[in-house]
Amino acid sequence: MHEYMSEARVWGLTCPGFPEEVSRARRWTRDILRGSPLAEDAELIVSELSANAILHTASGLTSGSFHLALAVSAQVIALSVTDAGGTGTAPKVEHQGQEAEHGRGLGMVSAIAHRVVVHDSGGGHTVTAELYSDARPGGHPC
C-alpha cells in the first residue's frame, strides 16, 4: 500500500435541522453500510444522535444544521454527529428507568456501541459512537 493511502473510507453529510432530515440521515447511513452486519445498529445510532442534535441544540432552529461523518475500516465503523451548540451543557449518557420519557437516548447508544465519546467542537458538540467488527458491545471480543 502507498504510504499516503488508507484502508479507511470517510463520508460526510450536512443536513438542515428539520425533523425529516433524521430519516435522510438513516437512509444515507443504510446506503453506505449496505451488506454490513453492523448496518442496523449504525442506522439506529445515527437516528438517535441526529434527533438529539435537532431536539436539544441550536441545530433545530430555523437556520440550524447538523453534520454527520461516517468512517469505515475493516475493524471499526465510527459514526459522528456534530450539532450547532447553543446549550450550556454537553450531551451525557444517563441511565434512566424504563418508564422515563426522556433522557434515555445516549444510554441506548452506549449500550449498542462499543465506545461513545463526546467532544467540544466549535461552539457545539460532536458525539462519536464506534462499532467494532470483531467484538461485542462493551469491548468484549466475539
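These questions and answers walk through a predicted model of one protein chain.

Me: How many helices and strands does the chain have?
Reply: From the N terminus on, the elements run β-α-α-β-β-α-β-β-β-β. The totals for the chain are 3 helices and 7 strands.

Me: What average pLDDT does the chain have?
Reply: This is a predicted model, and pLDDT is the predictor's confidence in each residue. Of the residues, 78% score at least 70. The chain average is 85.

Me: Where is the pLDDT below 50?
Reply: Where pLDDT is low, the predicted coordinates should not be read in detail. One stretch with pLDDT below 50 has 10 contacts in the model beyond near neighbours in sequence. That stretch covers residues 138-142.

Me: What is the order of the strands in the open sheet?
Reply: The sheet has 5 strands, and their pairing is antiparallel. Its edge strands, each pairing on one side only, are β1 (9-16) and β4. From one strand to the next, the twist averages 15°. The order is β1-β2-β3-β5-β4.

Me: Which strands does α2 touch as it packs on the sheet?
Reply: The direction of α2 makes about 15° with that of β3 (76-82). The strands that α2 touches are β2, β3 and β5.

Me: How many bridges join β1 to β2?
Reply: β2 spans residues 65-72, and the two strands run antiparallel. One of the partner pairs is Pro-16 with Ser-65 in β2. The number of bridges joining β1 to β2 is 8.

Me: Which residues of helix α3 are buried?
Reply: Buried means under 20% relative accessible area. Helix α3 spans residues 105-112. The cover over its buried residues includes α2 (39-56), β4 (115-121) and β5 (124-132). The buried residues are Gly-105, Leu-106, Gly-107, Val-109 and Ile-112.

Me: What share of the chain is buried?
Reply: The chain exposes about 8400 Å², and carbon and sulfur atoms supply 52% of that area. The chain has 142 residues. Buried residues make up 37%.

Me: What share of contacts between residues at least 6 apart joins residues at least 24 apart?
Reply: Contact means heavy atoms within 4.5 Å. Among contacts in the chain between residues at least 6 apart in sequence, the share joining residues at least 24 apart is 58%.

Me: How many salt bridges does the structure hold?
Reply: Among them is the pair Arg-34 and Asp-31, with the closest N and O atoms 2.7 Å apart. Arg-34 is exposed because its relative accessible area is 60%. Asp-31 is partly exposed, at 45%. The structure's count of salt bridges is 4.

Me: Which residue meets Arg-24 in a salt bridge?
Reply: The partner lies 3 residues away in helix α1, so about one helical turn separates the pair. An α-helix has 3.6 residues a turn, so residues three or four places apart point the same way. Arg-24 is partly exposed at 31% relative accessible area, whereas its partner is buried at 11%. With 2.8 Å from N to O, the partner is Glu-21.

Me: Which salt-bridge partner of Arg-30 lies in helix α2?
Reply: Arg-30 lies in helix α1, so the pair ties together parts that are 13 residues apart in sequence. Arg-30 is partly exposed, at 33% relative accessibility. The partner is buried, with a relative accessible area of 16%. The side chains meet at 2.6 Å, N to O, and the partner is Glu-43.

Me: Is Pro-19 buried or exposed?
Reply: Pro-19 sits in the loop between β1 and α1 (21-32). Its C-alpha atom is separated by 6.9 Å from that of Ile-54, 35 residues apart along the chain. Exposed means over 50% relative accessible area. At 60%, Pro-19 counts as exposed.

Me: Which residues does Gly-123 contact, leaving aside neighbours within four places in sequence?
Reply: Gly-123 lies in the loop between β4 and β5. Gly-123 is exposed, with a relative accessible area of 62%. From C-alpha to C-alpha, Gly-123 and Thr-87 are 9.2 Å apart, with their places 36 residues apart in sequence. The contacts are Ala-84, Gly-85 and Gly-86.

Note on methods
Residues are numbered from 1 along each chain as its sequence is written. This is a predicted model: local features need pLDDT of at least 70, side-chain atom pairs count only at pLDDT 80 or more; totals for chains, interfaces and linings use all residues. Side-chain values use heavy atoms; hydrogens and water are left out. Buried means under 20% relative accessible area, exposed over 50%, partly exposed in between (1.4 Å probe, protein chains only). Helices (H or I, at least four residues) and strands (E, at least two) are DSSP runs, numbered from the N terminus. Two strands pair if DSSP finds at least two bridges between them. Axes are lines fitted to C-alpha atoms, for helices over the stretch in contact, and angles run from 0 to 180 degrees between N-to-C directions. pLDDT is the predictor's confidence in each residue, from 0 to 100. Accessible areas come from the Shrake-Rupley method with a 1.4 Å probe; for residues, only the protein chains shown count as cover.
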